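Here's a quick tour of a structure, taken region by region. Have the viewer open and click along as you read.

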Amino acid sequence: MNTPSRVAAGAIGLAAAIALGGTAAEAYGPAANSLGCRLYFSDAGTGTSPTTWNDTFGLTQTPATPSPGQTVAVTFTAVTGPNNGPVPLNAGDVPVVITLALGGSQSGTVTLNMATYPAAAAAAGAPLGSITATGTYVAGAAGAASLTVTQAVFNNATAKTYCSGPGDRDHKAAPAASTIVENYSVFGGGTSITSVTGQSVTSAARAGNTINFSVTGLAPSATLTASLKNAGGGGTAEGSGAGTTDATGAGTGTLVVPAGATTGARTLSVSDGTNTVTTPITILGAPAISITPGGGGAGTAVAVTGTNWNPGSSVSIRGYKAGAPPPPPTADAAVTATASATGAISGSFTVNDPTTAYIGASSGTGPGTLFAVATWTASADSCVAKAGPATTGSCNLTYNLSQTVTAGNLAMSRTTGSGNVTLSGVTLNGTVQHGTGALAPITVTDFRGSTFGWSLVGAVTDFTGTPGGTIAKANLTWIPTCVAAAGSTNAVTATAGSAGAVDGSTLCSAPANAAGTGGGFDAGAALDLQIPANQLAGSYTATLTITLS
C-alpha cells in the first residue's frame with residue numbers, strides 16, 4: 001500500500017510531465033490537441049503546478065448516428081498518456097475520469113472511466129501509457145448534437161490532477177470546454193411498407209410486385225431513392241425505386257421488385273441522399289411443393305408441403321394427368337390449403353384416379369397464377385405381363401410399406417432394497433479419518449430412439465448426528481464408474497464423472513449423437529466421508545439424491 005508521500009510525488013509527476021504535442025484540432029480523431037491542468041493536494045484549494053497536456057486524442061461513439069432512446073457507448077482515448085514523476089506508481093494508482101457535455105439536441109453530461117490506470121506498474125519518469133475511458137448515455141431527441149470533453153481527472157486519493165480546456169485556471173471549480181468535440185446527429189427517421197401489389201400482407205413480395213412505402217424524419221422536400229439490400233441493410237442494391245418528401249420530411253414512394261431479385265430475408269432501403277432508413281421484407285422465390293410418398297396405387301394418402309407461396313393465399317392441391325403444362329386435372333377432388341405468414345403450405349391429398357401423373361398446387365387466376373407440380377408414380381392393382389401368344393414381356397405391382405417405431409423411455413433402476421448405504425464406522429483417535437462404502441449399481445436404460453444424451457447428477461445433504469453434530473456435505477467424495485450393462489446393445493459410450501465432491505457432480509453421462517443414442521448402462525461409485533479429528537460422537541445420516549435427466 002502506498003504511503004501518502006509516495007502517492008503525492010507520483011501525482012505531481014503526472015501533472016508536470018505531459019509530452020509536447022501539436023496544434024489544437026477537433027478530436028473526432030485521433031487528432032492532436034491539448035488540455036490545461038492543475039494539481040490539487042487532498043482535492044482542496046484552487047490547484048498548483050499549472051501544466052499543459054499535449055497528446056493525440058480520440059472521441060468516438062457507437063452507433064455513430066444513434067436513434068432516440070438508443071443506448072450509446074462512448075470511448076475517449078489518448079495515445080501516449082502522461083509521463084510519471086520521480087516516484088514509481090502501482091497499477092491503478094491514478095484512475096481516470098472524463099466528463100463530456102452533451103450539446104445541440106442533447107443535454108446533460110456523460111461520465112467515462114478508466115478504473116485501472118496506469119494499466120501496469122510504472123517506474124519513475126516512465127510513460128504511464130495510453131488511456132481508454134468508456135461510458136454510455138441514452139440518446140434523446142432527434143437533431144444535430146455534439147459531445148465535448150469538459151474535464152479530465154486523474155483521480156489519485158492523495159493528489160488529484162484536474163484538466164480542462166487549454167489555459168491556466170481552476171480546472172476543478174471552473175472547467176472550460178475543450179476543442180475535443182465530436183459532432184453527430186441523432187436520427188429519428190423511419191420507413192414502413194404500406195402495401196404490396198399482389199399480396200395481402202406487407203411483409204413479403206415477389207418479382208413484379210410493387211412495394212409502396214412511407215417515410216418520416218427525412219430531409220424536407222427531398223427526392224428519395226429506394227432499393228432492396230441484404231438483411232443487414234448492406235450489400236449490392238437491387239431495384240430502383242423513387243419517392244419524395246414534403247416540407248416536414250414525411251413522404252411516400254414505390255419500388256418494383258425486379259426480375260431475378262435475391263430471395264429470402266431482405267431490407268427495403270430508402271435514402272434522401274444523406275440519411276438512410278430501412279425496414280425488413282421477405283422476397284419470395286418460385287413456389288414449390290414436395291410429396292410423400294412419391295407414388296402408389298388407388299387410395300394412397302399423400303402429404304403435400306410447399307414453400308414460397310403468397311402469404312395468406314388460398315392454394316388448391318390436386319392430381320394432374322400427363323400433358324403439356326399446365327396439364328389437365330384428374331377426376332379426384334381438390335383440397336385447399338392456406339399459406340402461412342412465411343409462404344409455407346401443408347395438406348393431405350388422396351390419389352384415386354389411376355391416370356394421375358403429377359400432384360400439383362395452384363393459387364390465383366389469370367397471368368399471375370402460381371403453379372408447381374411434383375411427379376407421381378402410379379402403381380396399378382393389375383397388369384398384363386404377356387398379351388395373347390406373346391413370348392416376351394413383364395409387368396409389376398408395387399406396394400408402399402410403412403412401419404411405425406414408437407419411442408420407449410429413459411429410465412433408471414437399482415436392486416431392490418439397495419437404497420441404504422452404511423459407511424464403515426470409525427473410532428475417534430485425534431486424527432482425520434474416513435468412512436467408506438459403495439453406491440449400489442444404478443442401471444440406466446435409454447430406449448427413446450432419439451439423438452439426445454443424458455446425465456446422472458448427485459446431490460447430498462449435510463450429515464446430521466444424533467444426539468448432535470454435523471459433518472459438511474463437502475466432506476463426501478466419490479470415484480464414479482460407468483460401464484455398458486451386460487447384454488446391452490449401445491449406440492454410444494457413457495462416461496463416468498470425475499472423482500471429487502459428490503454434491504452437484506456428475507456420476508455418469510452419455511453424449512448426444514446425430515446418428516442416434518440409446519442402450520443400457522451401469523453406474524456406481526466408491527464413497528468416502530472425511531471425518532474431522534474432533535467430530536462429535538454419534539450416529540450420522542444424510543440423503544443422497546441421484547437425478548437422471
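What follows covers the main pocket, the nonpolar cores, the salt bridges and a couple of loop residues.

## What kind of model this is

One thing up front: this is a predicted model.

## The largest pocket

Let's begin with empty space. The largest pocket comes in at a volume of about 950 Å³. Its lining takes in 37 residues, and if you want to find the middle, look for Val421, Leu423, Phe463, Tyr540 and Ala542, which lie nearest the centre.

Which strands build the wall? At least two lining residues each come from strand 27 (410–414), strand 28 (433–446), strand 36 (519–531), strand 37 (539–541) and strand 38 (544–548). Strand 28 has the largest share of the lining, with four residues. As for chemistry, the lining splits into 21 nonpolar residues, 15 polar ones and one charged.

## Two nonpolar cores

Now for the packed side chains. The largest nonpolar core has 34 residues, and the ones with the most contacts inside it are Trp53, Phe76, Ile98, Leu100, Ile131, Tyr137 and Leu147. Strands supplying at least two residues each to this core are strand 1 (31–41), strand 2 (48–62), strand 3 (71–78), strand 4 (96–104), strand 5 (109–114), strand 6 (131–138), strand 7 (143–154) and strand 9 (181–186). Strand 7 gives the most to this core: five residues.

Tyr137 is a good one to click on. Setting aside residues up to four places away in sequence, Tyr137 touches Gln61, Pro66, Gln70, Thr71, Val72, Val74, Leu102, Gln106, Val110, Leu147 and Tyr184. There's also a second core, separate from that one, with 26 residues, including Ala525, Leu527, Ile531 and Leu548.

## Salt bridges

How many salt bridges does the structure hold? The count is six. Start with Arg38 and Asp168, whose closest N and O atoms sit 2.7 Å apart. Arg38 belongs to strand 1, while Asp168 is in the loop between strand 8 (159–164) and strand 9, so this pair ties together parts 130 residues apart in sequence. Are the two partners buried or exposed? Arg38 counts as buried, at 14% relative accessibility, whereas Asp168 is partly exposed, with a relative accessible area of 49%.

Next up is the salt bridge between the side chains of Lys160 and Asp43, at 3.5 Å from N to O. Here Lys160 is in strand 8 and Asp43 is in the loop between strand 1 and strand 2, so parts that are 117 residues apart in sequence get tied together. Lys160 has 17% relative accessibility and counts as buried, while Asp43 is partly exposed with a relative accessible area of 25%. A third pair is Asp503 and Lys473, whose side chains meet in a salt bridge at 3.4 Å, N to O. This pair links distant parts of the chain, 30 residues apart: Asp503 is in the loop between strand 34 (500–501) and strand 35 (506–510), and Lys473 is in the loop between strand 31 (470–471) and strand 32 (476–484). Both residues are partly exposed, Asp503 with a relative accessible area of 32% and Lys473 at 34% relative accessibility. Shared partners also join Asp43, Lys160 and Lys172 into one salt-bridge network.

## Two loop residues to look at

Asn155 sits in the loop between strand 7 and strand 8. At 28% relative accessibility, Asn155 counts as partly exposed. What is Asn155 in contact with, leaving aside its neighbours within four places in sequence? The list is Val94, Pro95, Val97 and Lys160, and that last name is the Lys160 that bridges to Asp43. Asn155 and Tyr117 are 38 residues apart in sequence, with their C-alpha atoms 9.5 Å apart in space.

Pro166 is in the loop between strand 8 and strand 9, the loop that also holds Asp168. With 40% relative accessibility, Pro166 counts as partly exposed. Leaving aside neighbours within four places in sequence, Pro166 is in contact with Ser34, Leu35 and Gly36. For a sense of scale, Pro166 and Ala510 are 344 residues apart in sequence and 68 Å apart in space, C-alpha to C-alpha.

How values were computed. Residues are numbered from 1 along each chain as its sequence is written. This is a predicted model: local features need pLDDT of at least 70, side-chain atom pairs count only at pLDDT 80 or more; totals for chains, interfaces and linings use all residues. Side-chain values use heavy atoms; hydrogens and water are left out. On a 1 Å grid over the protein atoms alone, a cavity is a set of points where a 1.4 Å probe fits but cannot get out, and a pocket is an open set with protein on both sides within 12 Å along at least five of seven lines; lining residues have an atom within 4 Å of a point. Grid points are joined across faces, edges and corners, and a volume is the space filled by probe spheres set on the points. Ala, Val, Leu, Ile, Met, Phe, Trp, Tyr, Cys and Pro count as nonpolar, Asp, Glu, Lys and Arg as charged, and the others, Gly among them, as polar. A nonpolar core is a set of buried Ala, Val, Leu, Ile, Met, Phe, Trp, Tyr and Cys residues joined through side-chain atoms within 4.5 Å. Buried means under 20% relative accessible area, exposed over 50%, partly exposed in between (1.4 Å probe, protein chains only). Contact means heavy atoms within 4.5 Å. A salt bridge is a side-chain nitrogen of Lys or Arg within 4 Å of a carboxyl oxygen of Asp or Glu.
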